[in-house]
Amino acid sequence: MQNKGAIRLFAILLAVVSLYQLIFTYGAKQVEKEAAIYAKSVSNGDLGLEQIKEAQYLDSMSSEVALSLGLVDFTYKECKEKEINFGLDLKGGMNLILEVKVSDVLLALSNYNSDATFHKALKAADVRERNSTKDYVDLFGEEFEKLDPNAQLAAIFATPELKGVIDYKMSNGEVLDIIKKESDDAISNAFNILRTRIDRFGVTQPNIQKLEKAGRVLVELPGVKDPKRVRKLLQGTASLEFWETYDNQEVYQVIGQANVITRQIAAAEKRSEEKTDGVISDTAKKVSEEGMDLLAAIQGDSTSVDSLHDASLKSLYDYLIPSQYPGAVVGKAMARDTSKVNAYFQLDPVKNILPADMKLLWSIKPVDNNSEEGSEEAYYELVAIRVTSLDGRPRLEGDVITSARAQSTAQGDFDVSMSMNAEGAAEWARITGANVGKSIAVVLDGYVYSHPRVNEKISGGSTSITGGFTVQEAKDLANILKSGKLPAPARVVEDTVVGPSLGAEAVNAGLFSFIAAFILVLIYMIFYYHRAGLVANVALVTNVFFLFGVLASFGAVLTLPGLAGITLTLGMAVDANVIIYERIREELRAGKGLSLAITDGYKNAYSAIFDGNITTFLTAVILFIFGTGPIQGFATTLMIGIATSLFSAIFITRLIFERMLSKKKNVKFASKITENILVNSKFNFIGVRKVTYVISGIIILAGIVSMLTRGFNYGVDFSGGRNFVLQFDDKVNTVELQKTLVGLFENQNTEVKTIGSEHRVKITTKYLIDVDETEVYADSIIMAKLFEGTQPLLKDGLTFDDFSTQTILSSQKVGPTISDDIKLEALLAIVFALLGIFLYIVFRFKKVGYGLGSVLSLAHDALIVLGLYSLLKDFMPFAMDIDSAFIAAILTVIGYSINDTVIIYDRIREWGVVHPKWTLEERFNGALNSTLGRTLNTSLTTFVVLLIIFIFGGDVIRGFVFALLIGIGVGTYSSLFTAAPIVYDALIRKNKKK
């Protein structure tokens, strides 16, 4: 072997680098182990206190030395920054995809212009964007032009903020170019603001990255224990406003009149015999169009007066309790009724009697501090805001704030103290001076945080936001204000939370399955290849060491699918050794000496090894490009694993063999039991091809019929919706629980299934998935209903907070817009994988027939796996969802199957040179039989590895691994009975035409 010295040096350097990178993980884990022991010793069994004490210990160790390497010391913080990153499914935490919509940015750039054509164009562009790859601003421009070719965009975007950038003489094309740049800048600024908020949040190893689609940001926060706090921190725009207010005595009469109007509308509905149940129906909308005529009718109609005493009719005051005290608050309502109150105030007859300069906003916190924020039972105040400016904007906004900090109050709670610049201080003095004895409302992102009464004019530009905040709430609010204002709201379009207990369970299951599979592979290699198997095992151990070292040095995130990828890499590393060893055994059977047989065996195996691994690597690259989160983790480990396994299998083993030969040691490549297995097989693969075509056709047809009639269980990342995994002490009756939740979730599509054991369930629902979280407390409402619906299964006295953190092991939310994108990305991933493989095979084998055989056999594999998932979806005791993880499994199967197929193709091509006088059928059958030992050996090893992961790897990846198990079996079958026979038929047809 040439360049032995260079290879040996590279191996040593790689080992040193890997050891250096992995030692930081050891240092960090030692400190965390000490923290856990300390926290347990001082908490007396209190789980909440234990978590607090552990966090305090780790915080105190942040700047302390955790690892000493002689001349250099590293603190715990430095070790954490360099250790292997564990994904959320292994560590627990939160994964969010936030979207700052370009349409919201355009609205902000226009200063919320009310032009009808502008708003119609935005809506039309929103619809087109779902199925288009065009830039949103271009789509908006096209729609605006369609609606009114003569309309001028300059008239909409020539705002004071864009003065000097856009003027009224500009063409629409020029304006579009400017707003495209402005929106790109605004979204980049939004990314920086979100990053600043997260950095100040104090999470270890956060991952924040821009996604390919404009306006989307991926946020991964390992170890987060308060997801609600994170959502609150990230979603707000930090639009701070100071408003003058109405005293409720000024509007008491009109609010009372609004109640009369809403009661009369309910009476009109009852007379038309339509069910109301507190919901504004089409009849109510029709009545509302009558405007002030309705009020006159009420005043002159005795039946209307009688209706006011009909208890069956619902009106405004049935949901809004009027305030009995002076101030800016007009009333209060339960969280679940706020949307009904909003609907009543949006009715035309009601709007027509309200003051034109009044708008109503809800408080951010419940009136009763003991109420759970966001709970359906919590009461929120409705505050009357007075709009004093002509443009409808507040007189003072958050851009004048220069600093914000949390501080304690005399009452023992916390508020946020703020300072203003000179311009803001002067305006603040004018506003407070004109409103002595009245309230000023402090509004953030459309919610009233406080409305203190002004006792005197405030000079100097100092003020505070009060509201009975906890220290954490006050710090988060100050963080938001200091980080800056987002150009538009950041909406959560995908949200996954994994509890720490589920993460620990996944780690244990994943590591156990990995170690068990690894040991089994080591034993098998010794059994099958004798002493050469020991050499292969050294390469496998080295491969795993290198793999983890490279993962740590790249800062890659290790996820549970990533662990599956590593375990699958083991199977592929074995494959490289098997290919080499089988070639060496062939050379030995041909009568060559040991040294020459090893040399020729390696040389003749290179082509098949590289072709097979390149096609699998191609699949992994496509997975990485189109996947997100855990799928990218899987792709990353697969790509790194392929590289390290190739180096270990080809070079490390070769160095060991060279050393053994130099020491005159005898190397055996088979035991007595295995030396003649499948050596002289003469199966007629080509002869039975028509029978296997029919078998495949029947299975595929049955699958297609099932797909068309039974369909699939789509995961929420494909269909949109929410997933919750809950763990109970007692067995769960899923039928009864589903019936209860369907009622609570207003008959929305809701499904309850056991997952793993009868004590654990997975709940999937589409309830409130289309609702804008900025308008309704959707997440809080769903959690409250979930808590209510599972009461019979919960321990007595379990609080809502404990339910959220202990009973709910994980949750996932995927909005409908991102689910469409995920489906498109999945389709593109499969198409590009097949196209890339087709082109590579045609390039390598110089004949289209080989590419055709590859693609058709891969389509055959994918269709059978899909068909079985449709047929078996209701019968398996684990989730068989079609989701992004399933697509990853399909692509992995494609990569594995093509690896198998390419090795057979390579032997067919070789036998065309070695046996030129053989018929085409003899050549194909000979190649298939000569590689049969390697095909079955590798497939069996990989299948057993996956079977161990399937049994011991935990519920989280069981469906994913099941797809791989089916795929490996079907892929092996298709390599032998589909791919090669299709190429044979294509070549026969081509020869006949000639």
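Helices, at least four residues long, are DSSP runs numbered from the N terminus. On that basis, Tyr112 is found in the loop between helix H5 (102–109) and helix H6 (116–129). The model described here is predicted. This briefing covers two loop residues with positive phi, a nonpolar surface patch, and two helix pairs that involve H33.

**Loop residues with positive phi**

- Tyr112 is not a glycine, yet its phi is positive, at about 55°.
- The relative accessible area of Tyr112 is 47%, so this residue is partly exposed, a class that lies between the limits of 20% and 50%.
- Lys846 also has a positive phi, of about 65°, although it is not a glycine.
- The loop that holds Lys846 runs between helix H28 (816–845) and helix H29 (848–871).
- Lys846 has a relative accessible area of 63% and is therefore exposed, as the cut-off for that class is over 50%.

**Nonpolar surface patch**

- Five side chains are grouped in a nonpolar patch on the surface: Phe512, Phe943, Leu947, Ile951 and Phe952.
- Together, these residues have about 440 Å² of accessible area.
- Helix H32 (residues 932–952) supplies the largest share of the patch, with four residues.
- Phe943, one of the patch residues, lies in helix H32.
- With a relative accessible area of 32%, Phe943 is partly exposed; this value meets the patch requirement because that limit is over 30%.

**Helix packing around H33**

- Two packed helices are described by the angle between their axes and the distance between the axes.
- Helix H23 (residues 689–709) packs with helix H33 (residues 958–993) at an angle of about 120°, and their axes are 10 Å apart.
- That angle makes H23 oblique to H33, because it falls outside the range of 65 to 115 degrees for roughly perpendicular axes and is not over 145, the limit for roughly antiparallel ones.
- The crossing in which H23 passes H33 is left-handed.
- Helix H31 (residues 920–930) is the partner in the other pair, where its axis and that of H33 come within 11 Å and cross at roughly 160°.
- H31 and H33 are therefore roughly antiparallel to each other, since angles over 145 degrees are placed in that class.
- H31 passes H33 in a right-handed crossing, whereas the crossing of H23 with H33 is left-handed.

Note on methods. Residues numbered from 1 in each chain as written. Predicted model: local features only at pLDDT ≥ 70, side-chain atom pairs only at ≥ 80, totals over all residues. Heavy atoms only, no water. Patch = residues over 30% accessible without salt bridge, like charges linked within 9 Å, V, L, I, M, F, W, Y side chains within 5 Å. Areas by Shrake-Rupley, 256 points an atom, 1.4 Å probe, with all protein chains shown as cover. Salt bridge = Lys/Arg side-chain N within 4 Å of Asp/Glu carboxyl O. Buried < 20%, exposed > 50% of the residue type's maximum accessible area, 1.4 Å probe, protein only. Axes fitted to C-alpha atoms, helices over the stretch in contact; angles between N-to-C directions. Parallel < 35°, antiparallel > 145°, perpendicular 65-115°, else oblique. Left-handed = near helix turned anticlockwise from the far one by under 90°.
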